[in-house]
Amino acid sequence: MDVYVILKLVWAGLLCVLLIGLGLMVGMDMGVGTLLRFVGRTDGERRTALNIIGPHWDGNQVWFILGGGAIFAAFPTLYATSFSVFYVVMIVLLFSMILRPVAFEYRSKVEARLWRASWDWVFLLSGFLPMFVYGAAFGNILQGVGYHFNWTGQYFQDNSFLTYLLNPFAILCGLMAVSLSVMQGGVMLMIRSENPIHDRAQYFAARAGLMAVVLFLAGGVWVRGMSGFVLEQGDPAMPANPMHGQHVSMQAGAWLHNYAAHPVLWLLPLLGVVCMLAEVALVLANRPRMAWWMGLGAWVGTIGTVAASMFPFFMPSTTSPDQSLTIWNSSASQYGLTCMLAVSLVFVPLILCYTSWCYYVMRGKVHTADIVKDTHSY
Amino acid sequence: MIILLRFAGLGLALVVALLFAVFVGDQGPWYFAWAVGTVMIILVAAAGAVLFDAQDGRDTSQEEF
Amino acid sequence: MDLINPAVVDLSRFQFALTALYHFMFVPLTLGLTFMLAAMETVYVVTGRQVYKDMALFWGKLFGINFALGVATGLTMEFEFGTNWSMYSRFFGDMFGTPLAIEGLMAFFMESTFVGLMFFGWDRLSKPAHLAITYLVALGSNLSALWILVANASMNVPHGAHFDPETLRMTFDSFVGVVFNPDAQAKFVHTSVAGYVAASMFVMGISAFYLLRREHRAFAARSFRMAALFGIFSTVAVITLGDVLGRLDYEHQPTKIAAIEGLWHTSKPPYEPWIVAALPNDAKQESSFEIGVPFVLTPLITHSFDTPITGMIELEDAAAPRIASGITAISALRRYEESHLGADLEVFHAHQNDMGYGLLATRHAPNQDVTAIAPEQLQSVIEQTKPDILPNVFVTFWSFRIMVFLGVFFFVLFAMASYLSLKNQLERNRLFLKLCMWSIPLPVLATEFGWITAEGGRQPWTVFERLPTFMSASTHSMSYMLFSLAGFTMLYSIFIAVELYLMFKFARLGPEAHHQHDDGADPAHLSVVAH
């Protein structure tokens, strides 16, 4: 196979890894944010919950930034088009995301009750909304998005943003992502908190996990009847230019073609469902550490399922299907992909090492009494 | 033996630093200047603080905080 | 026909400028304060005196308040290229995305992961280990700036990429060329040390406030000393690198340097004055009044006494043939897109260096279509396009001057501060302390004007001489832009109010809970506090 094609594939795979890392790590923090008002009744309890992720949320959030950066570098056309096509949704996501670092830093710096109560609502908003939008974005690209390019490569939008928000399938996907994040957030709280936070987190984590399973299966059934896209003609080694060189058709149920062709892919949805159920069981059995790792499996299964059914599409276009963005026509140049790969090979292992080391240094239960005493805590 | 290893490690670090300095100094002199300059600024500021302690060392215990 | 709406382009530019300037209110402090924290903690680890740990903790707390907003508003920047500059991102993303992604991988991850340990790890790490973490945070935040400025420099001086007619975008071809772009080097050092200046002024000003109130004197006098010395060396570096950048602009971006200097006509060395103040009029293309210092401009910019600097009118005239050639290039490229004939490609290759100037004519072409310009219209289109090659002279000229005047002021201020601090004569000079206190916001102001000079002076291009700004924006509707602008304005106003409130609150409170301690010279006491 052509080196360029291999590079494109490797980067599509790395993008999946990033999306999984984003869902798992950022989702976990968002879940804690969503749950904050429910697991913590007193101010001390809420501060405890915040300080459990306190030393790590900033590092975790970089997964999100890195996700954006990697799409920009590896698939610039995808970055340019998807972010603009989803403009209003993206801006809402951005607003809720930028509220979060501020909320962490400012919430406990002032004693007033109204002040802290307001920031607690901000945590709910900035935990729920981004995960919802994250899931809803997957829902939307599965259904296809309305856009086309003119000859210079400028994109033009053909649908109103309302179709991306008021869209039952997208809402289902959004809620699914929120459920996974709440489950993971609850598990993290269980690992590092004591009662009463521990038991409340257990309560919410188990229910969110069950909801995730139900929504995941419902989504699967829905996709069967949905109109999918098929790449009829297109050379994987083509120059990355979405304006011509592809022929794409829309067919009902096409998103299951890859599964029909390669039945081994069914292992991905299976992995997702099994891990979600196992996580619920482990949460109920009070084994949060093992449950946390099941969360990884759940995200791998979920993102993997979507990736397997859409391959090689990134963002199909309903109004101009031939200009649909695929792995082949939206990537960076061979040189750019090579550079990025070399840099990643050096830094990704390094990042994994020092991130784990940070968790190791900050390990152990967080006690409410210590948090309230310490003037430097969140 | 441990001392020998330490020297070997130190030597390796020096060689790496030297190669880095030669390469960056050649390709990007301003980057090199930044690295050296920043270290210098920190050391000067730190020296200023230590100097303060020396100038002021006679009666710190009485000083109001 | 899909047309470009100039109002949407203007709103996109306004939104980007607003969010970038706002982001950059917090970045300089992060860049500098991290290294100052490292310097303070170094003294603490070496001497073991508690007061230096108090310094690291207190300034660290103020750093944290600032850092949160820097991170939050940085998220906007990472997204905005995609959400608002779609054409730019597609056209230049192959090259531009790489430094941004490396920034995340190499710098931002390191900074963000270790900043948690820096705040929360005091009791869990040994003293040297915590110090190492602080240095890593400082290095991380500055490496972050490095990659962002490498990306930015490639917009100003597009080294390491060429246009590829197959993909209709700039193709990345030299990593070394991008990273060691001379503009990137000088810009990074200039910006990073400008951050050092901002942080020095911040620490010095707040320390001056304590000295004025005769509170926390041991703490404040030491902080002041360190900040003053940190500041004087940084200011010298900022000025040196500013000079280097000026010369690079002279070599690579003649329109920017001519606008900065308000030079409408080519200079006459060696007499040509450096204009201190003027009122440039963009519409009339002349300055209505000028005061200058003779014999300064030529050696300042060119480091020689006999090299002329091309003026803006002459640059416009020189651009006319490039606009014509660019229109030919675009027409050939469009034919090639449809026909894929080698002949069209050859025509394009012959004119491809002027492609950007062809795109610049889009606004004046019938139906915004350069390929539809009839031969008899060509001359009038060129005449209309010519003045477009210049940035806004008034803005560029004055933002540069404000930055430079402030820089000179900092130099004097830090020099005096260092002298008075070394002589231990600060508390007698209350007026000077007040001046230090009131100067806290000035370095941030200077960096903002520096950014306006650099990026405003780059106009009308997003990628210099390759892609015009008005073509780079996403094709949103007005209502989308109004929605996002309203949201940003509201959120950012709340943020700045909260930030200032907290900054003032904690600065007033001072280094808390250390009122009972003495200087920490007593080793028994130390072992309790710094286990």
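**Notebook: chains A, B and C of a predicted model**

**Entry 1. C:Met25**

I began with C:Met25, which I located in the loop between helix 1 (6-23) and helix 2 of chain C. The model is predicted, and I read each entry with that in mind. Is C:Met25 buried or exposed? I found 21 C-beta neighbours inside 10 Å of C:Met25, and the residue therefore counts as buried, the cut-off being 20 or more. I also looked up its relation to C:Thr396: the two residues are 371 positions apart in sequence, and their C-alpha atoms are 20 Å apart in space.

**Entry 2. Overall scores and chain pairs**

I noted an ipTM of 0.86 and a pTM of 0.88 for the model. I then asked which chains touch. There are 2 pairs of chains in contact, and chains A and C share the most contacts. Chains A and B do not touch, their nearest C-alpha atoms being 17 Å apart.

**Entry 3. Chain A against chain C**

I recorded 63 residues of chain A in contact with 67 residues of chain C. On the chain A side, I listed the elements that each supply at least two residues: helix 3 (57-74), helix 4 (76-85), helix 5 (87-106), strand 2 (155-157) and helix 13 (334-361). Which of the elements of chain A gives the most to this side? Helix 5 of chain A does, with 13 residues. Sorting this side of chain A by class, I obtained 39 nonpolar, 21 polar and 3 charged residues.

**Entry 4. Chain C against chain B**

I next turned to the contact of chain C with chain B, which takes 35 residues from chain C and 24 residues from chain B. On the side of chain C that touches chain B, helix 2 (27-47), helix 7 (182-213) and helix 8 (217-252) each supply at least two residues. Helix 8 of chain C gives the most to that side, with 12 residues. I divided the side of chain C that touches chain B into 19 nonpolar, 10 polar and 6 charged residues. Helix 2 of chain C had already appeared in my first entry, as one of the two helices flanking the loop of C:Met25.

**Entry 5. Chain B by itself**

I looked up the make-up of chain B and found 2 helices and 0 strands. Of its 65 residues, 18% count as buried. The mean pLDDT of chain B is 82, with 86% of its residues at 70 or more. Over residues 59-65 of chain B the pLDDT is below 50, and this stretch has 14 contacts in the model beyond near neighbours in sequence.

**Entry 6. Confidence along chain C**

For chain C I noted an average pLDDT of 86, with 96% of the residues scoring at least 70. Which element of chain C has the lowest mean pLDDT, and which the highest? Helix 20 (residues 523-529) has the lowest, at 35, and helix 17 (residues 442-456) the highest, at 93. Over residues 514-531 of chain C the pLDDT is below 50, yet I found 24 contacts for this stretch beyond near neighbours in sequence. I add a caution: predicted coordinates should not be read in detail where pLDDT is low.

**Entry 7. A helix pair in chain A**

Last, I examined helix 8 (residues 168-192) and helix 9 (residues 197-225) of chain A, which pack at an angle of about 150° with their axes 7 Å apart. Because of that angle, helix 8 of chain A is roughly antiparallel to helix 9 of chain A; the class begins over 145 degrees. I recorded the crossing of these two helices of chain A as left-handed. In their contact I found 22 nonpolar residues, 6 polar and no charged.

How values were computed. Residues numbered from 1 in each chain as written. Chains lettered and ligands numbered in written order. Predicted model: local features only at pLDDT ≥ 70, side-chain atom pairs only at ≥ 80, totals over all residues. Axes fitted to C-alpha atoms, helices over the stretch in contact; angles between N-to-C directions. Helix = DSSP H or I, 4+ residues; strand = E, 2+ residues; numbered from the N terminus. Parallel < 35°, antiparallel > 145°, perpendicular 65-115°, else oblique. Left-handed = near helix turned anticlockwise from the far one by under 90°. Nonpolar A, V, L, I, M, F, W, Y, C, P; charged D, E, K, R; others polar. Contact = placed C-beta atoms within 7 Å. Buried ≥ 20, exposed ≤ 12 C-beta atoms within 10 Å, placed from the backbone. pLDDT = per-residue confidence, 0-100.
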